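Work through these short exercises on charged side chains. Try each task before you read its solution.

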Amino acid sequence: MFRFTAQGRIGSINQYKNNTVSISLAADRLVEGRDGQFTTTEWIRCVSFDADLNKRLLTDLDKGQSVTLEGRLVPRVRDKTADKKVYETTLEITGFQRGEKPRALSARTPAEA
């Protein structure tokens, strides 16, 4: 079984029917460009199908919060048409660890602003 660990900030948490929760996770990386270095944001989407875990995800996590997600990579093949297949990999969450919750702008000290 393939495993993953992803660390970043939560962009969105969505609950769907059939006991599914989807989390969009963002992380910044430094990129070398013609005019020097700049930061770009990369996004991934992870899902959970576990009802008990979904309750904890929805209760314990907030948009903007840092989190570490752990889980398994689930390769899937879908028949798009009779002669064309689509290969995709689902990042299925099996556990998480909370980071710091984002603070409101008014709660920051003048040195942090």
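**Exercise 1.** Which two side chains meet in a salt bridge at 2.7 Å, N to O?

Solution. This is a predicted model. Look for a Lys or Arg nitrogen within 4 Å of an Asp or Glu carboxyl oxygen. The side chains of Arg 72 and Glu 92 fit, at 2.7 Å from N to O. Now place them. Arg 72 belongs to strand S4 (residues 66–81). Glu 92 belongs to strand S5 (residues 84–98). The pair therefore ties together parts 20 residues apart in sequence.

**Exercise 2.** Decide for Glu 92: buried or exposed?

Solution. The relative accessibility of Glu 92 is 11%. Buried means under 20%. So Glu 92 counts as buried. Its partner needs its own check. Arg 72 has 29% relative accessibility, so it counts as partly exposed.

**Exercise 3.** With which residue does Glu 42 form a salt bridge?

Solution. The partner is Arg 29, with the closest N and O atoms 2.3 Å apart. Glu 42 sits in strand S3 (residues 36–48), and Arg 29 in strand S2. The two parts are 13 residues apart in sequence. Next, check accessibility. Glu 42 is partly exposed at 38%. Arg 29 is partly exposed at 45%.

**Exercise 4.** Which residue does Arg 9 pair with in a salt bridge?

Solution. Arg 9 pairs with Asp 28; their closest N and O atoms are 3.6 Å apart. Arg 9 is in strand S1 (residues 2–16), and Asp 28 is in strand S2 (residues 20–33). The link spans 19 residues. Arg 9 is partly exposed at 34%. Asp 28 is partly exposed at 44%.

**Exercise 5.** How many salt bridges does the structure hold?

Solution. The total is four. Those worked through above are among them.

Notes:
Residues numbered from 1 in each chain as written. Predicted model: local features only at pLDDT ≥ 70, side-chain atom pairs only at ≥ 80, totals over all residues. Heavy atoms only, no water. Helix = DSSP H or I, 4+ residues; strand = E, 2+ residues; numbered from the N terminus. Buried < 20%, exposed > 50% of the residue type's maximum accessible area, 1.4 Å probe, protein only.
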